[in-house]
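Thanks for coming. I'll keep this short, so please have the sequence and the model open while I talk.

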Amino acid sequence: MHTVCEMIKGDFLNLSICDWRTADVVFANSTCYDQKRMENIAELARGMKKGSFFISLTKRLPIADFEVLECDLHPMSWGSATIFIMQKINDPYTVLISSD
């Protein structure tokens, strides 16, 4: 078995950089994201396949398509942050996010 892990720096909402919805595991260092950004990311995450994982810091995805498997406070270089490990519980649903 061959495992591929790729780190991509860019705007989560710009799928032309990378359509991360096809990934098995997605990580968002979302501590400083505002509510609107989390909502937009959540809408795109609805396009992830059932069983895939989304990991975020401080804020969870604000949709019911993901079950929180773990939610723990961990020390970071800037202080403590809650780590959310979520799993997609339903089939993909694709939406388009406007850039306004």
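Proline 62 touches Gln35, Met38, Glu39 and Ala42, not counting its neighbours within four places in sequence. Keep in mind that this is a predicted model. Proline 62 sits in the loop between strand 2 and strand 3. From proline 62 to methionine 38 is 24 residues along the chain, and their C-alpha atoms are separated by 7.1 Å. Is proline 62 buried or exposed? Neither, because its relative accessible area is 39%, which counts as partly exposed.

That loop between strand 2 and strand 3 also holds threonine 58. Threonine 58 has a positive phi of about 70°, although it is not a glycine. At 35% relative accessibility, threonine 58 is partly exposed too.

Next, leucine 61. Again leaving aside neighbours within four places in sequence, leucine 61 contacts Met38, Ile41, Ala42, Ala45, Phe54, Phe66 and Met86. Leucine 61 is also one of the residues that touch the most other members of the largest nonpolar core, along with Phe12, Trp20, Phe54 and Phe66. That core has 17 residues. Which elements give two or more residues to this core? They are strand 1, residues 25-28, helix 1, residues 35-45, and strand 4, residues 79-88. Helix 1 gives the most, with 5 residues. As background, nonpolar side chains in soluble globular proteins tend to be buried together.

Staying with helix 1, its buried residues are Met38, Asn40, Ile41, Ala42, Leu44 and Ala45. Those buried residues pack against strand 2, strand 3 and strand 4. On the spacing: an α-helix has 3.6 residues a turn, so residues three or four places apart point the same way.

Now the strands. Strand 1 and strand 2, the latter residues 53-57, are paired in the parallel sense over 4 bridges. Within strand 2, isoleucine 55 stands opposite phenylalanine 27. Strand 1 has two faces: Val26 and Ala28 are on the covered one, while Val25 and Phe27 are on the uncovered one.

Strand 2 also runs antiparallel to strand 4, joined to it by 5 bridges. There, phenylalanine 53 has glutamine 87 of strand 4 as its bridge partner. Strand 4 pairs with strand 3 as well, in the antiparallel sense, over 10 bridges. In that pairing, leucine 73 is opposite threonine 82 of strand 4. What joins strand 3 to strand 4? A hairpin does, through 2 residues.

Before strand 1 there is a segment that contains aspartate 24. Aspartate 24 is in contact with Lys49, Ser52 and Phe53, with neighbours within four places in sequence left out. Compare aspartate 24 with asparagine 40: they are 16 residues apart in sequence and 19 Å apart in space, C-alpha to C-alpha.

Last item, the largest pocket. Its space comes to about 830 Å³. There are 24 lining residues, and the ones nearest the centre are Glu6, Met7, Ile8, Val25 and Val26. How many residues of the lining are nonpolar, polar and charged? The lining has 14 nonpolar, 5 polar and 5 charged residues. Val25 and Val26 came up earlier, on the uncovered and covered faces of strand 1 respectively.

That's everything from me. Questions are welcome.

Conventions:
Residues are numbered from 1 along each chain as its sequence is written. This is a predicted model: local features need pLDDT of at least 70, side-chain atom pairs count only at pLDDT 80 or more; totals for chains, interfaces and linings use all residues. Side-chain values use heavy atoms; hydrogens and water are left out. A nonpolar core is a set of buried Ala, Val, Leu, Ile, Met, Phe, Trp, Tyr and Cys residues joined through side-chain atoms within 4.5 Å. Buried means under 20% relative accessible area, exposed over 50%, partly exposed in between (1.4 Å probe, protein chains only). Contact means heavy atoms within 4.5 Å. On a 1 Å grid over the protein atoms alone, a cavity is a set of points where a 1.4 Å probe fits but cannot get out, and a pocket is an open set with protein on both sides within 12 Å along at least five of seven lines; lining residues have an atom within 4 Å of a point. Grid points are joined across faces, edges and corners, and a volume is the space filled by probe spheres set on the points. Ala, Val, Leu, Ile, Met, Phe, Trp, Tyr, Cys and Pro count as nonpolar, Asp, Glu, Lys and Arg as charged, and the others, Gly among them, as polar. Two strands pair if DSSP finds at least two bridges between them.
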